[in-house]
Each structure stands twice: as structure tokens, then as C-alpha cells.
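Reader: Could you take me on a close look at the open sheet in this model, strand by strand, and then on to what lies around it? I'd be glad of a connected account that I can follow in the viewer.

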Amino acid sequence: MCVLHDKEELYSMEMVQRLAKDGCRFLQRHKGSERSSEPQSDEAVRVCLRERGSDVLVLQRISSPTARGGGGRVEARNRRYVVVSGTPEKILEHLLDDLTLDDDQGTTPSKESDILVDDFLLTYPVFMSTSDLCQALLGHYCTKRYRGKEDRKEALERKRKVLHLVSQWMALCKGFLREDEHVKLFTKTLYRYVLDDLYEHPILEKDVSELQKLYQLHRRHAVDEYSPHRKGKALFHQLSLKENSLQSRGMPRETRAALCHVYVTMDSFLSMRAHSGMVAEELLQAVAERMEVPLEKLVLLAVTYNGGRHLLQPQDRVLSDSLRPVGRLHVCRKDLGEVLNPFTDNSELPQRTARMLSINTWDVAVALTDFDWTIFQSIHEQELVYFTFSRHGSNSHTVALELLLQRCNEVQQWVMTEVLLCSTLGKRVQLIKKFIKIAAHCKAQRNLNCFFAIIMGLNTAAVSRLSQTWEKIPGKFKRLFAELETITDPSLNHKAYRDSFKKMKAPKIPFPPLLLKDITFIHEGNKTFHDNMVNFEKLHMIADTLRLIRQCQKDHMGNGITQKSSSEVRAYVDYLHIIDNQQTLFELSHRLEPRA
């Protein structure tokens, strides 16, 4: 339902009327008796489009704050409409209608149009698959409604808008979708269609160049293979997965990485960053150097979930295609004994503590931040959508995000491990002081991921119960720790953290669990669909949260977050030795300070 206040406003509805061409009804409710002569606010003006008796799109009017006529009145032609809800097809149609090409009368896309496009491209996995989006875009590109010169002009404009939207999609997703089979087939088909249209619309030459740049396609055999006389296959056949797909031109798999747990005892492991093509020999070499054990004395076992043990050969891969370990990885001596004695009886523990105490705290914070930044800058905003909605039940779209979450947990466990393995009270006090300083340095370096992990590690029950140890901490460090703790205070929806983080300059690393919490809160507190229409207001709120990732990754002012760190410290931080068994950690805690 659309409420109009004067006839002038009909000109602002041109976009809606275009949507109404294909069987939609445009409803106008005239003003009757009014209690007040004051115009209604934009919030009261909504347009509802119906098709075959059902609502398919609801829009709400907004006014540009800069587009005002005499006396401060907003000019009707400058009023725009944002999507409230609609079917996926109609939302996409409205998005294309609302796009303004850069070279049209010297104008540029409006801020509202940019936000709509960004909202749609970030959140479309919530309500449609990538395959559905590819089919819809090809459908809009191939639409033919030639009924004269004006319609031919509209068809060309629609094609160019589709290509513009595709360019924005690919620029936004970068390498995130390059290995998606539907996207490969879509790019091949669209490229062929654009080459076909060059005969009729030479102006598309610029768009062909853009496609070639985006997809690294080559214009070979364009006239023969992609002649208009050969364009006879149906759209859905072009998208069929049975067709031969394009050769993958995205990011090579070798650049993808995972945190691999290599168990050296039954209750402790080394956390190691492994690339997707890593083989057993390469992993063993890294473990041998970190544990200071000769390589020739070690073998790598994969323990399967049913308890089977498989001896990995030197050239066997340690990660599957989905970046999951081929089993629980154990490093053993060739006689299949443990590499180390259990931690609780290890005579080398004093040397371990001495090494940690000898490392400069700022250098440790730098190495931790470098590690986290490498992961964080590779996270795509859509990973949070896939993680929250789990649309495909696969981790292939959430690799980097899961990696950062895993790293946060491991740093927390590392802090607990280091403190609880220190049997001397005085050195344990020094260790806690050291971790408090490292947490403060991480905050100074704008790494809130490791900052939270360290504070949470010191606040775990197994560490916080060490009353004799905490009593020996100097008052200066207790006050610093209390100040840092306030930032992790969850009250008022983590207000202290949000205020502190907002003041930090980009680039910066947020605390990912809070971002996921915000998206989950929006998701569970708002319906995704209203009467079979997508609740786009909900998706706009989600997109606003996702854009925070982008803002944190950008470095407009040259405030680089990474710094040089010593190779010795980096080697220590990159391969954290961790106890992941909570029972073992509590046993160590009670051994240090028995319960009274």
C-alpha cells in the first residue's frame, strides 16, 4: 500500500511502475479526511507490490538529507525507496532497477543504492543459493522485450546493470567463490553471452574487458566458438553441473592453511600451522625442531575415530581436501613409545619455564599479533553468515574464521598450560606478571583476539584458584589486571569492550565470538521470512555487523598492525605446546596448591 501526499510524488514512483510491468498491481490510496495538514513521515510511506494476489515486494520511502527544496521541503524526485521485504527475485529486480551506471549523465550511484547492493551481496546465502543467484542473473541478462527503440535501449541498460552487479559481486567476494562450480559455469556462460552481444551492442566492449580482467578469461576463438548462431542451449542446461567446468583459476589450494594438532603425549599437543599440501615428512621435521628430537627417531601416526592406527609414509598428506586432519595425529618414536614423558613427570619442565621467562613480552605480543593478523585479513565477511546459518553444513566457506576461533582457544589453553606446569611459586608469579604484560601489549597493538584469550586463560578456574600465587602478585600488576579485566566485562552487552574497540584505529583485530554473538542475536530475534517474503530489514542489520570486518581490515591511514619479530620468538609462538585435557590441568592445579 502506498500513501501519496500530492501528485508530484508520482514522479518518484517511476521505479515502482517499472516493477509493475509484469503483472504487478500498483495501488494508490488517496487522502480522505485528515486530522492534520502536516505530511506523514517517511516511515509511514510504504509501497506494497502484489503479483497474482500475493505480496512480492515491500518498499519504504527515505529522503536524502541533502536533497531539499525551498523552505527545507524534501523534493519528491529525490525521495528513494529501500527494501523492507520481498521475494528473492523481486529484491534482485528492484536492485537492478535502482542501479545507476557511472556514465549515465555524469551521475554516480547513490549511497542508498550502494548499501542495498552491499547488503544483498553479503547476505544472499541466507535466502538463496549461489546457483540460484547465478541463474537469476543470467535470466535478467538474457531477458528480451524488444518492442521498439526505447525497449531496446532498456534491454541494453539492463544488460549493463547486470554486468555491473556481477563485477561488484566478484570484487566483493575476491577468491571466496572462485572454486565454486556454479560460479565457474556462470562466468563461462555469461562471458559467452556478452561476446555474442558485441555484434549488436559494441558498447559492451568495455564490459568484456572487465570480465576478462575479473575472471582471467581469454578471447580465443571468439567469433567461431561464441558465434550468435551457436547460442541455442537452454539456460538451465548451461548451468548444469554435468557440463565440463572451467579450469580453476582462483587461489591455489596450497595457500590455504589450518591449525594442525600434533599430539606428543596422550594429553598434550603442538599447535602447528599446516598448508593444505603438507606431507608427513614436512610436519615431522617441524615437530623434531620444536621438540629438539632427531628426525630419524620419529614417525607420524594417524589414529582414526574407530581407534585404528595408520603409519603415515613420508609423502602422505596430513590434511584432507576439506583441511581436516586425516586422523588424530600422534608423533611417536620408531619403537612406538611416547616422544616425551607425561608432563606431570617431565624433568625438562624447569627449562621450559626458564625459556618462557627469558622472552621479551613485547616481542611475544608482536608474534601473537602477526599470527592472528595473517588469519584475520583472509577472513571474508560471508564466512560469518555461513557459520551462523550453516546453510550447506560444510566448513569449506568458514575455514579462516574457524582458524581464528581455534587460535583464540589455543592461546587460552597455552596460558593455562604454562602457568600450571611451573612448579616453583616465585617463577609462577613471574609468569603471571609476564602474561598480564603480554595482554596489555596485545591491547596496545589492537589485537583484541589474543587479549581476550590471555585474560580468559588467567581467569579460568584452574589458574584463578591458585590463591597463594595471586597473593604474591605485586599491587601494580593486580591493578593493571583489574583494569584489563573490565574490558572483558560482559555486562551491558559488553559495553566496555565495544567502547574501547571503537576508539581504536584500523587496522585492528576484533574478538570474533562477540561478532558471532551479535549476528546470532539478530538471527534468533528476527524472522528470516514474513509471509514467504525475505525480511530484508533483518539482513540489513546483519550486513551492518559484517561490514565491521571490512572496516577492521582496512588501513586508510597507514597504521600497520604487523611489526618485525625475532625468529626465535616467532618459532616459539607459532608452535604452542598445549595441554588440552581439562582433568589433567585441574590435577596440576591441585598438585601446586592442594585444597585446604
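Author:

**The sheet, from strand S11 outwards**

Put Tyr263 on screen first: opposite this residue, in S11, stands His330. Please keep in mind as you look that this is a predicted model. The strand that holds Tyr263 is S7, residues 257-265, and S7 runs parallel to S11, residues 328-333, with two bridges joining them.

Now turn to the other neighbour of S11. Strand S9, residues 298-303, is joined to S11 by six bridges, and here the strands run antiparallel. Two of the pairs are easy to find by eye. Ala302 has Leu329 of S11 as its bridge partner, while Val299 is partnered in S11 by Cys332. S11 thus has a parallel partner in S7 and an antiparallel one in S9.

Step back and you can place these strands in the whole sheet. The order is S10-S9-S11-S7-S8-S14, six strands in an open sheet with mixed pairing. At its edges are strand S10 (309-311) and strand S14 (576-579), each of which pairs on one side only. From one strand to the next, the twist averages 35 degrees.

What lies across the sheet? Have a look at helix H14, which lies across S7, strand S8 (268-275) and S14. Relative to the edge strand S14, H14 runs at about 70 degrees.

H14 also takes you to a cavity. Two cavities of 30 Å³ or more are counted in the model, and the second largest holds about 40 Å³ of space. Its lining is made up of Phe376, Ile379, Leu384, Leu401, Leu404, Pro512, Leu515 and Ile549. Helix H14 (399-420) and helix H21 (512-525) are the elements that give two or more residues to this lining. By class, the lining has eight nonpolar residues, with no polar and no charged ones.

H21 is a handy marker for two backbone details. In general, most residues other than glycine have a negative phi, and most peptide bonds are trans. The bond that joins Ala506 and Pro507, however, is cis, with omega at about 0 degrees. You will find Pro507 in the loop between helix H20 (491-503) and H21. Back within helix H20 sits His494, a residue that is not a glycine and yet has a positive phi of about 60 degrees.

One last stop, if you move back along the chain, is a pair of helices. Helix H16 (residues 448-459) and helix H19 (residues 475-487) have axes that come within 10 Å and cross at roughly 115 degrees. The crossing of H16 and H19 is left-handed. On the H16 side the contact is made by Phe451, Phe452, Ile455, Leu458 and Asn459, and on the H19 side by Phe481, Leu484, Glu485 and Ile487. Sorted by class, the residues in the contact of H16 with H19 are seven nonpolar, one polar and one charged.

Technical notes. Residues are numbered from 1 along each chain as its sequence is written. This is a predicted model: local features need pLDDT of at least 70, side-chain atom pairs count only at pLDDT 80 or more; totals for chains, interfaces and linings use all residues. Side-chain values use heavy atoms; hydrogens and water are left out. On a 1 Å grid over the protein atoms alone, a cavity is a set of points where a 1.4 Å probe fits but cannot get out, and a pocket is an open set with protein on both sides within 12 Å along at least five of seven lines; lining residues have an atom within 4 Å of a point. Grid points are joined across faces, edges and corners, and a volume is the space filled by probe spheres set on the points. Helices (H or I, at least four residues) and strands (E, at least two) are DSSP runs, numbered from the N terminus. Ala, Val, Leu, Ile, Met, Phe, Trp, Tyr, Cys and Pro count as nonpolar, Asp, Glu, Lys and Arg as charged, and the others, Gly among them, as polar. Two strands pair if DSSP finds at least two bridges between them. Axes are lines fitted to C-alpha atoms, for helices over the stretch in contact, and angles run from 0 to 180 degrees between N-to-C directions. Contact means heavy atoms within 4.5 Å. A crossing is left-handed if the near helix is turned anticlockwise from the far one by less than a right angle, and right-handed if clockwise.
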